[in-house]
Every structure is written in C-alpha cells, then in structure tokens.
Amino acid sequence: MQDRTKKIFGNEIDGKTVKSAEKSKRKYIKKYGDDSDKDYKISFKPIEALDFMGASNIVFGEENSEMEDNALIVGNIRMGFGHYRISIAMASCAAALGFKPYWLDLASFDATGSKMIREQNDMYSLASRISQKSRLFNKIVWEPLNSEGFKKITYNAKDQKNSELLVPIFKNIRKDVPYIATHVWPSQGAIHAGMKNVVNAIPDNWPMGLHLSEGAIHAVQTPFAYLGYKTLDGFAKENLNGIPEAQLKMVGRFIDHELLVNLEDDNAKRRARVREDKPLRILMTVGGAGAGFDMFAAMVKHLLPEVEKKKVALFINFGDHEDVYDKLMKEIGGVECKKYFNDFDNFKNLVSYLKDGEAEGIYAVCNDDIFQAVYSTNLLMPVCDLLVTKPSELAYYPIPKIFMKHIGGHEVYGAINGREIGDSLSEYPTAKRINAMLDKILSDEDIIPHLCDRIDELKKQGYYDGAYECVKLASGQKK
C-alpha cells in the first residue's frame with residue numbers, strides 16, 4: 001500500500017501534518033481495534049427500493065459471493081442524503097449502460113474503518129446542527145471550516161492516512177471492477193486497496209483539498225471546479241502542482257437516467273400547468289437533521305393561504321425523520337396533510353397518477369427505509385414544478401429551483417452555478433426574501449416556463465450527462 005500522506009500530486013506535506021495524520025490513524029486503531037488481518041467475506045442483498053435498476057447491496061457474509069461479469073461498484077457513505085442521492089444517479093446510469101450496479105456503503109460495516117467514518121460523520125452532523133443554533137459558532141468556526149479549512153491541501157493528508165483503515169473491507173472484492181466513489185473516503189480507500197478503475201465523483205462546486213484522491217480520476221461537474229482542481233489555486237500559501245489531465249475530467253452534472261429520459265415531456269407539462277393556471281407544485285425537502293427548520297417553517301406558513309386558494313400544491317419529503325414532521329405540525333398549528341408514511345407502494349401510485357392527474361393541498365412523505373426516503377424526492381421531481389432546497393447536491397438537478405440559505409460555506413457555489421447557467425433562481429438567506437421570491441414566481445407566469453426552456457437547452461448540450469460519463473470513465477469506455 002503506497003503512502004499517500006507525505007506527498008500529494010507531487011506536493012510535499014510538512015512533517016507536522018504527517019505526524020498528526022499518523023497519530024489520528026493510531027487513535028482509531030486503539031479505539032476500534034486493528035482489523036488489518038481480517039478476512040471479511042462479501043455477499044449481496046437486493047435493494048428493494050432500487051429494484052428497477054437491479055442494484056445489490058454489498059454486505060459481509062459467511063462465504064464469498066461472486067459479482068457478475070458486468071459489475072460496477074458505487075462506493076459511498078451515508079452523510080445526510082446527498083452522497084446517497086448521487087450514488088443512486090451513478091447506479092441508475094450504470095444500469096442504463098448495461099452494467100450491474102453494486103452498492104458499497106463503507107460506513108455500514110462492523111469494521112474499524114466503518115466505525116471511523118461513523119464517528120467523523122456524527123461529529124460533522126453535530127457541528128452542522130450547532131451552526132444552525134449559534135450564529136457565533138457558524139461565523140467563527142463552521143463557515144470558515146467548510147469554505148477555507150477543508151480547502152487546504154494539508155487537510156487531505158489526515159484523510160489519506162485514516163482511509164487506509166478501509167482497506168480490509170476490499171479484501172475479497174475484485175480489483176478490476178469499475179468503481180465510482182461519491183465521497184472521497186470511498187475513493188481513497190479503494191485506491192489504497194489496489195482497485196484499478198476508480199472514479200472520484202466530486203459533489204461540490206467549491207474546490208477543496210478534502211476531495212483529493214490521488215490515483216483516481218477526479219470527475220467534476222463544472223468548469224469552475226475543473227480549473228480549481230487543475231491549478232489547486234488557494235490550496236496552500238505557495239503555488240502547487242495541480243491535478244494532471246489524466247486524473248481530472250469535467251463531465252457535467254450527476255443526474256439519474258430516469259430523470260433525463262422524459263425531461264422534455266416533464267417540462268412541457270410544467271409549462272401547460274402554468275398556462276392553465278393549475279396549482280403550482282412546490283417540492284420541499286427537509287434536511288435529515290432539520291437543518292434550516294425555522295426558514296422552512298416560515299415558508300410553509302407563508303404558502304398556506306395559497307394552498308387554500310388552490311394556487312399551490314405542497315409536496316414535502318421529510319426523509320426518514322418523522323420527528324421533523326411532528327415539529328413542523330406543532331409549529332404551524334397543525335394542518336390537514338395527505339400522509340404517505342412508510343407506504344412506498346401507495347406513494348409510487350400517487351406519483352403515477354400525478355403525471356397527468358390533478359394535485360391540491362399538502363402531501364407529506366416519510367420513510368424509515370433510507371433508500372425510499374432518498375428516492376421519494378427523485379420520484380417527485382418529474383411531476384413537480386419548483387424545487388425548494390438548500391444548495392447542496394440537489395442544486396444540480398434538472399428542475400426549476402430556488403435555494404434556501406446554505407448550510408456550510410462550500411454550498412454557496414452550487415447556487416452560484418445554477419444561477420449562472422440559468423436553471424435556478426438565487427439563494428435567499430432569509431425567510432422574508434425567499435417568500436417574496438415565491439410570491440414573484442406565483443404572480444409572474446413567465447418564470448417557470450423560462451427555467452424549463454433553459455433546462456431543455458442544457459440537456460441538449462450534455463450538461464446533465466455527468467453520471468453517464470463517470471460510468472464510461474470507470475469502465476474504460478472513455479479515455
């Protein structure tokens with residue numbers, strides 16, 4: 001296993017940082033045990049919510065099972081819903097191009113590296129929640145860490161060393177299988193383990209040292225991100241060697257096959273609903289930890305009169321957090337909702353009806369199953385007219401969008417990209433401002449059709465083909 005901590009793309013890392021990285025790895029071994037000699041057998045379980053693409057989950061088993069010849073692995077972790085959603089897009093496009101997708105959630109195992117990931121994720125989630133409650137913490141700690149702290153190349157050194165703990169999970173996985181990682185740890189772990197065809201799909205538009213995984217092909221969604229990684233400008237005080245062309249590709253946005261095949265028809269129906277003065281179908285997604293809850297509740301309160309007048313139909317996906325639904329109902333005084341809680345089949349029937357049927361009122365969706373929770377938003381996007389979300393991974397999806405205040409400085413640049421290429425409105429940092437823009441959208445019948453026209457143009461230009469391109473890169477179809 002090559003040491004990738006001391007030198008990253010030919011850039012020397014200082015001794016103090018290297019020692020800190022080595023200390024971090026030792027800390028996790030001491031806490032969770034050294035499993036470097038473990039022989040973890042792998043087996044597979046179907047993912048029911050993704051049965052239409054034939055996806056199978058990689059799990060530990062009693063005996064090793066063989067992957068199919070056309071296998072493609074999507075390496076990921078659950079950190080909120082974002083990395084899972086991008087992983088679903090990769091699996092979807094893999095299936096569409098003739099591959100059998102296998103799902104590898106490195107945080108899901110009873111292994112030292114998995115426990116390391118879960119601990120770090122818990123710390124990240126806690127800090128994110130604190131940032132929503134403390135303006136001082138957000139200003140002094142959270143925003144600078146997410147924009148500038150994670151950007152430094154030295155930040156990559158500790159992750160590179162810690163990700164060596166993931167190697168035992170890969171022991172019985174064929175090293176020649178095409179592999180797409182939707183978080184840097186699964187990419188680094190795969191490289192350390194000797195996987196030969198690794199694509200590191202970078203989710204953010206803001207270039208950061210956090211996302212570096214030397215040895216993998218770094219796939220980015222935008223020209224801004226490409227030049228940031230090509231030069232590594234701002235990753236250190238001095239000028240650095242950037243990522244060589246062989247390991248850096250601008251591929252476009254990471255979007256599911258199912259969201260693209262009928263996109264023009266979905267946009268035509270959006271335009272028709274506006275012309276016919278049908279209720280504007282607004283899709284709202286709640287963060288897993290209820291991030292931005294106060295702003296979210298303020299928007300729902302503001303839109304309730306429009307719902308009663310049948311000017312708006314609200315679709316709210318609460319993910320797998322029913323407690324956030326309870327909190328919202330308490331906050332807005334309780335309103336009548338059409339609830340689809342842990343009733344995925346009935347929910348899918350609703351989506352089928354909404355393709356040509358009518359919508360009114362408020363629809364609340366919640367599922368304990370993580371795949372159902374994430375994919376409910378995907379199913380609703382084609383039948384809704386406007387997505388309201390923070391500018392995270394959903395900033396790149398082909399549906400008219402408006403953005404709530406970001407959670408973490410790196411998200412800002414997703415909103416900027418959407419605004420500049422023209423398939424999104426801006427990020428609005430206060431409830432007052434976003435509610436004013438929602439009123440503008442409701443009163444101006446040209447805004448949604450304009451966004452739809454732009455989305456159609458971008459599709460023709462290949463802007464949304466990033467997941468297909470990642471599959472081609474991992475499988476060697478695209479050099």
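Which helix gives the most to the lining of the largest cavity? Keep that in mind while loading the model, which is a predicted one. The tour begins with the cavity and then moves to the sheet, the charged pairs and the backbone.

**Stop 1: the cavities**

Select L259, L263, D266, R270, M381, P382, P398 and I399, the residues that line the largest cavity. Its volume is about 50 Å³. The helix to colour is α9, residues 263–275, which supplies three residues to this lining, the most of any element. Across the whole structure, a search finds three cavities of 30 Å³ or more. Rolling a probe the size of a water molecule over the atoms is what shows where empty space is left.

**Stop 2: the sheet**

Switch to a cartoon view and pick out the open sheet, in which eight strands run in the order β3-β4-β6-β5-β7-β8-β9-β10 with mixed pairing. Its edges are β3 (42–46) and β10 (248–250), each paired on one side only. From one strand to the next, the twist averages 30°.

Helix α7, residues 223–231, packs on this sheet, where α7 touches β9 (217–220) and β10. The direction of α7 makes about 165° with that of β10.

Now go to the middle of the strand order and select residues 71–76 together with residues 179–181. These are β5 and β7, paired in the parallel sense over three bridges. To find one of the bridges, label G75, whose partner in β7 is A181.

**Stop 3: a buried salt bridge**

Select R253 and D423 and show their side chains. What separates the closest N and O atoms of this salt bridge is a distance of 2.6 Å. The two residues are 170 apart in the chain. R253 sits in the loop between β10 and α8 (257–260), while D423 sits in the loop between α14 (412–421) and β17 (424–427). Are these residues buried or exposed? Both R253 and D423 are buried.

Side chains of opposite charge can pair when their charged atoms come close. The count for this model comes to 30 salt bridges.

**Stop 4: salt bridges within helices**

Next, select residues 344–354, helix α12, and show the side chains of K348 and D345. They form a salt bridge at 3.8 Å, N to O. K348 and D345 are three residues apart in α12, so about one helical turn separates them. D345 has a relative accessible area of 53%, over the 50% cut-off, and therefore counts as exposed. K348, at 31%, is partly exposed.

Then move to helix α16, residues 447–460, for another pair. E457 and R454 lie three residues apart there, about one turn of the helix. Their side chains meet in a salt bridge of 3.0 Å, N to O. E457 is partly exposed at 39% relative accessibility, and R454 is partly exposed at 22%.

For a group rather than a pair, select D3, K25, K161 and E164, which are joined into one network by salt bridges that share partners.

**Stop 5: positive phi**

Most residues other than glycine have a negative phi. Two residues to check against that are F9 and L232.

- F9 is not a glycine, yet has a positive phi of about 50°. Look for F9 in the loop between β1 (7–8) and β2 (11–12). F9 is buried, at 7% relative accessibility.
- L232 also has a positive phi of about 50° and is not a glycine. L232 lies in the loop between α7 and β10. Its relative accessibility of 1% is under the 20% cut-off, so L232 counts as buried.

**Stop 6: K301**

Finish at helix α10, residues 293–308, where K301 is found. What does K301 contact, leaving aside its neighbours within four places in sequence? The contacts of K301 are E331 and I332. K301 is partly exposed, with a relative accessible area of 40%. To take one distance before closing the viewer, measure C-alpha to C-alpha from K301 to R275: the separation is 26 Å in space and 26 residues in sequence.

Notes: Residues numbered from 1 in each chain as written. Predicted model: local features only at pLDDT ≥ 70, side-chain atom pairs only at ≥ 80, totals over all residues. Heavy atoms only, no water. Pairing = 2+ DSSP bridges. Helix = DSSP H or I, 4+ residues; strand = E, 2+ residues; numbered from the N terminus. Axes fitted to C-alpha atoms, helices over the stretch in contact; angles between N-to-C directions. Contact = heavy atoms within 4.5 Å. Salt bridge = Lys/Arg side-chain N within 4 Å of Asp/Glu carboxyl O. Buried < 20%, exposed > 50% of the residue type's maximum accessible area, 1.4 Å probe, protein only. 1 Å grid on protein atoms, 1.4 Å probe; cavity = no way out; pocket = protein on both sides within 12 Å on 5 of 7 lines; lining within 4 Å. Points joined across faces, edges and corners; volume = space filled by probe spheres on them.
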